[in-house]
Amino acid sequence: MKLHQIKFRHEYFFQYFATVAGSISILSSGINLGWTSPYLPELLSANSSIPTTNDEGSWCAVAPLLGAPPGAILAAILVDKIGRKKTTLLMAPWVSLCFIGIAFSTTIWEITGLRFLIGSVEGALYTVLPMYIGEISDPKIRDFLTSTIAIAAITGTLFINVIGSFLDIFMSSLICCLIPLIHMMAFALVPESPYYYIKKGNFEAAKQSLQVLRGKRDVEEEVDSIVKAVVRQERTSNQAGVLDLFTVASNRRACLIFVIVCMTNKFSGKNPCMFYTEMIFKEAGSSIDATTSVIVYCGMELIAVVLTTLLVIKRFGKRMLLITSSAGCSVAVLALSLFFFFKDFGFDIHYVFWLPITALVSYNIMFSIGLSFGMVTILSELFPTSVKAKALCIADTFSVLMGALVSKIFQISVDQAGSMAYPFLFFSMCSLAGCLLIVRWMPETKGKTLEEIQYVLIGQESGVELSVRRVQFLNNSFM
């Protein structure tokens, strides 16, 4: 029996299933990004079985970020040729093989190269998955579904920190190689995006896909709406190229919004905090065990994201959460900067031993309620179908390059200045600047269809004017 012949009582069941099945792949991304936290100190130690210098360790830390651009470019090519689903499925075997390779690596450069390859897959996944989830989601639950990517990434980071506290590189890598295989088996069961089928002119397949995703037979009205939206976007762009991202006013505004949120995300200090979490706690001289602190740090982040996704985002919307998140991150890393200033200048820090973990956990919570999923949801919503693949490719490349830049800035500034106070002060100032820019430029997209969001970017109409104009435009264009 085919999937489209199955009836489900809950209209959102298969949207949830497809999203979770896809997000399992992001677990590997979170594992790869967080891998250096438990294992880099081990590699840098004097009795390491794989001798590693500080500079080699920093390149190992940023390798996944440097690997993402080629993966994003590949996904941008494949996603409109073979589809969102097949592109995602192609990534799983490579990740599994890379983890097996890490298990048997004997040099730091072998590990760095394999982490680079997993980073390439991550670049591909962050190009295709936001697109897929955004296209299959009902507007009522799209915010929740797109945020599951962030939940999966954080879960992966927590997972590697937990198992990394008692397993060596060999055993943890063999365990991690199973996760992509689980993803592949689950994601093979989900339908392709109806938007992709419509772009290819396969309207019957689009209808069947939507019937599965919506859990009902009567989907003609929504199919018709998607057809009109895709036709309008394709007609407007007419063989859209990369330049359309900058020459079309609505695309240009979407790019500006993404750049603001992305720069705030990266320059709040997330990647250095994630790559060097255990080292930060050790440098702080906290009486709390560094490994325990890392697990608490990641666990609080996961709890914060889940609670925000389930309880908060529906009520307040993404714009308010992004503003609150960036302002909170600024205060948290400022507190961390002050702690290191006090420590470096010889003040008695005995009475504030709790400040590093408090500041980092506070930072993680504030980051989690907005900035953690802000980029992904923006990418899934703001760009029209005609340029979405190119936009996500460029966006992911820009994002990881900024992440690599910030990580190197952190490592170089700490090595040169001999203190973590200065980079954290810099991150605090960047977060505050990002908060002000989000206030100025970020629109609220809560509850709007993908087509309505395009009208917001074009004209900034109110809700009633938006709906009226949308109906009038579609009637005039397709009568």
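**Figure 1. Salt bridge between Lys207 and Glu220.** A residue is buried under 20% relative accessible area, exposed over 50%, and partly exposed in between. The model shown is predicted. Lys207 has 25% relative accessibility, so this residue counts as partly exposed. Glu220 also falls in the partly exposed class, because its relative accessible area is 39%. The closest N and O atoms of the Lys207 and Glu220 pair lie 3.0 Å apart. Helix H10 (residues 203–214) holds Lys207, and helix H11 (residues 220–237) holds Glu220, so the salt bridge ties together parts 13 residues apart in sequence.

**Figure 2. Asp80, Arg84 and Glu135, joined into one network by salt bridges that share partners.** In the predicted model, the salt bridge count comes to four. In general, side chains of opposite charge can pair when their charged atoms come close. Asp80 meets Arg84 through their side chains, at 2.8 Å from N to O. How accessible are Asp80 and Arg84? Asp80 is partly exposed, because its relative accessibility is 21%. Arg84 is at 0%, so this residue counts as buried. Arg84 also forms a salt bridge with Glu135; here the closest N and O atoms are 2.9 Å apart. This pair links distant parts of the chain: Arg84 sits in helix H4 (residues 84–103), Glu135 in helix H5, and their positions lie 51 residues apart in sequence. Both Arg84 and Glu135 are buried.

**Figure 3. The largest cavity of the predicted model, with a volume of about 450 Å³.** Which residues, of the 25 that line this cavity, come closest to its centre? They are Leu33, Tyr126, Lys266, Ser372 and Met375. Six helices each give two or more residues to the lining: H5 (108–136), H6 (142–164), H13 (249–266), H14 (270–275), H18 (371–381) and H19 (385–417). Helix H6 gives the most, with five residues. What is the chemical make-up of the lining of the largest cavity? The split is 15 nonpolar, five polar and five charged residues. A search of the whole structure finds four cavities of 30 Å³ or more. Rolling a probe the size of a water molecule over the atoms shows where empty space is left.

**Figure 4. A nonpolar patch on the surface, with about 540 Å² of accessible area together.** The patch is formed by Trp59, Leu66, Trp109, Phe116, Leu117 and Leu401. Helices H3 and H5 each supply at least two of its residues. Which helix gives the most to the patch? Helix H5 does, with three residues. Phe116 lies in helix H5. Its relative accessible area is 34%, so Phe116 counts as partly exposed.

**Figure 5. Leu65 in helix H3, and its distance to Arg115.** Leu65 belongs to helix H3, which spans residues 54–78. Is Leu65 buried or exposed? Leu65 counts as buried, because its relative accessibility is 2%. From Leu65 to Arg115, the C-alpha to C-alpha distance is 9.2 Å. In sequence, Leu65 and Arg115 are 50 residues apart.

Note on methods:
Residues numbered from 1 in each chain as written. Predicted model: local features only at pLDDT ≥ 70, side-chain atom pairs only at ≥ 80, totals over all residues. Heavy atoms only, no water. 1 Å grid on protein atoms, 1.4 Å probe; cavity = no way out; pocket = protein on both sides within 12 Å on 5 of 7 lines; lining within 4 Å. Points joined across faces, edges and corners; volume = space filled by probe spheres on them. Helix = DSSP H or I, 4+ residues; strand = E, 2+ residues; numbered from the N terminus. Nonpolar A, V, L, I, M, F, W, Y, C, P; charged D, E, K, R; others polar. Buried < 20%, exposed > 50% of the residue type's maximum accessible area, 1.4 Å probe, protein only. Patch = residues over 30% accessible without salt bridge, like charges linked within 9 Å, V, L, I, M, F, W, Y side chains within 5 Å. Areas by Shrake-Rupley, 256 points an atom, 1.4 Å probe, with all protein chains shown as cover.
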